[in-house]
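Me: I'm new to this one and would like to talk through its charged pairs. Can you put it up so we can start?
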Amino acid sequence: MLSPFTVKVLKILPEGVLVEVAKKITNNYLKKFARLHIEGFEKLEKYEGPFIFICNHLSNSDGIVLNKLLKEKYDPYFVAGVKLTNDPITNAGTKMVKNIPVKPNTADKEAITTMVKTVKNGENLLIFPEGTRSRTGAMIEGKKGILLLARMTKAKIIPIGMSGTDKLLPIDEGGNMGSETWHEADVTVKFGKPVELPKRIKEEDKHEYDNKCMYILMRSIAELLPEEYRGVYK
């Protein structure tokens, strides 16, 4: 947890300096507190991109961990909800990675257009389909915007199951990274194989078909997680 004095200092730093300082702080936190266990990452090399990575969402540390793992080979754009906060580390965290901001709970057509163009230009995306961090650690219902992206881009969907970040950096009441306390924890990140979505049959209702596809996508994440993290997708 950052001291009040450190927070005040960070708030007056120029943006470029703040980002570099934030990188050092978060990298030090990861080295000190996170025992990372990675499975299936090397198997991604057999597939051709671009990829849309989908992952469950537990903590403000999720993006830090995933960026550390994916930056060198895949360097994805993170799709993140626009949030207003006074916390300097949280603000810097969104600038530490390539990101596409999305207005939460809206049909953000501009953001969707940007995502589609990004993938069609050969870049990778990373999305948390639940749209927000789980307050209990268990998966919550995914949002169907991922289906639109999948259909418009035809990109391979790669599921990621992450566990332990809820213990590494638990959510505080304000949800700000600088106010949260890091703890030593085992963090497991499992990469699955590309998800194959079924074709819609003629007599199938669109709503039912979308629900089926959404369940397949979210189950592909849940199957990579310990049972207690699977929530509504057990």
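Reply: Before we begin, one term is needed: partly exposed lies between buried, which is under 20% relative accessible area, and exposed, which is over 50%. Please also keep in mind that this is a predicted model.

Me: Okay, so is Asp-186 buried, exposed or partly exposed?
Reply: Asp-186 has 42% relative accessibility, and because that value falls between the two cut-offs, Asp-186 counts as partly exposed.

Me: And which residue does Asp-186 form a salt bridge with?
Reply: Asp-186 forms a salt bridge with Arg-35, and the closest N and O atoms are 3.0 Å apart. The pair links distant parts of the chain, since Arg-35 sits in strand 1 (residues 34-39) and Asp-186 in strand 7 (residues 185-191), 151 residues apart. Arg-35, at 39% relative accessibility, also counts as partly exposed.

Me: What about Lys-190, what does that one form a salt bridge with?
Reply: Lys-190 forms a salt bridge with Glu-39, with 3.9 Å between the closest N and O atoms. This pair too links distant parts of the chain, with Lys-190 in strand 7 and Glu-39 in strand 1, 151 residues apart. Lys-190 is partly exposed at a relative accessible area of 26%, and Glu-39 is partly exposed at 41% relative accessibility.

Me: Switching topic, how many salt bridges does the structure hold?
Reply: The structure holds 13 salt bridges, including one in which the side chains of Asp-166 and Lys-167 meet at 3.7 Å, N to O.

Me: Which residues are linked in a network of salt bridges?
Reply: A network of salt bridges links Lys-71, Asp-75, Lys-98 and Glu-123.

Technical notes:
Residues numbered from 1 in each chain as written. Predicted model: local features only at pLDDT ≥ 70, side-chain atom pairs only at ≥ 80, totals over all residues. Heavy atoms only, no water. Salt bridge = Lys/Arg side-chain N within 4 Å of Asp/Glu carboxyl O. Helix = DSSP H or I, 4+ residues; strand = E, 2+ residues; numbered from the N terminus. Buried < 20%, exposed > 50% of the residue type's maximum accessible area, 1.4 Å probe, protein only.
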